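Student: I would like a close look at one part of this model, the nonpolar interior. Please take me through what builds it and what lies around it.

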Amino acid sequence: MTQTDEMLFATEAQQIQQRADQSVEIATEKYLIFSSDNLMYGIKAEQVKDIITDYAITGIPQVPNYVRGVINLRGQIIPMLDIRLRLGKAPQDNFCGIVVDVDGNMVGILVDMVEQMVDVPLGDILPVPTNSGQAMVSGMCTLPDGNTMLELDCGLLLHD
């Protein structure tokens with residue numbers, strides 16, 4: 001076998017290995033991405049039950065200021081939390097809602113805008129620095145478009 005033949009076989013072997021490496025599936029999880037106060041947040045898609053707009057919110061007394069009220073969604077009463085107020089930001093009038101399942105309880109989250117659904121490789125989600133003021137954020141990662149996603153821990157939305 002000549003040196004040229006050896007190089008040809010080596011190149012073919014490298015190409016086969018590259019294809020094999022590319023075919024290995026990376027474990028991912030789907031996230032619904034939304035924006036609030038110019039930040040991108042993500043919620044695991046398995047928690048999202050509905051995306052709503054134009055629902056009348058009925059205010060209720062003696063609740064924290066971030067609880068804007070309740071809605072009747074197909075016969076089910078759902079509390080609506082304003083993510084901006086919950087994170088200590090100024091409220092906004094234009095919003096849409098994401099209904100999520102938090103430990104068996106349906107809760108609505110008012111956000112500025114729902115952006116997209118993305119697959120995030122599990123290994124890409126990094127812990128949040130401990131001195132960060134984002135108590136309801138459990139992780140962060142860079143999205144394919146270059147934006148940073150903050151992973152929202154929906155369970156912590158309900159606790160003070």
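Tutor: What follows goes from the whole chain to its largest nonpolar core and then to two residues. The model is predicted. The chain has three helices and 10 strands, arranged along the sequence as α-β-β-β-β-β-α-β-β-β-β-β-α. Of its 160 residues, 36% are buried.

The largest nonpolar core has 24 residues, and those touching the most other members are Ile-43, Ile-98, Val-100, Ile-109, Leu-152, Cys-154 and Leu-157. At least two residues of this core come from each of strands E1 (28-36), E2 (39-44), E6 (96-102), E7 (105-111) and E10 (148-152), and likewise from helices H2 and H3 (154-157). E6 gives the largest share, with four residues.

Cys-154 shows how distant stretches of sequence meet here: beyond its neighbours within four places in sequence, Cys-154 contacts Ile-43, Gln-47, Val-100, Val-102 and Ile-109. Across the chain, among contacts between residues at least 6 apart in sequence, 52% join residues at least 24 apart. Separate from this core is a second one of nine residues, with Tyr-31, Val-118, Val-120 and Cys-141 among them.

Helix H2 (residues 83-86) also holds Arg-86. Arg-86 counts as buried because its relative accessible area is 15%, below the 20% cut-off. A polar atom of the Arg-86 side chain lies 3.5 Å from the backbone oxygen of Leu-156.

On the outside, the accessible surface of the chain is about 9,900 Å², and carbon and sulfur atoms account for 50% of that surface.

Key. Residues numbered from 1 in each chain as written. Predicted model: local features only at pLDDT ≥ 70, side-chain atom pairs only at ≥ 80, totals over all residues. Heavy atoms only, no water. Buried < 20%, exposed > 50% of the residue type's maximum accessible area, 1.4 Å probe, protein only. Contact = heavy atoms within 4.5 Å. Areas by Shrake-Rupley, 256 points an atom, 1.4 Å probe, with all protein chains shown as cover. Polar contact = N/O pair within 3.5 Å; in protein donor to acceptor, adjacent residues only side chain to side chain. Core = buried A, V, L, I, M, F, W, Y, C linked by side-chain atoms within 4.5 Å.
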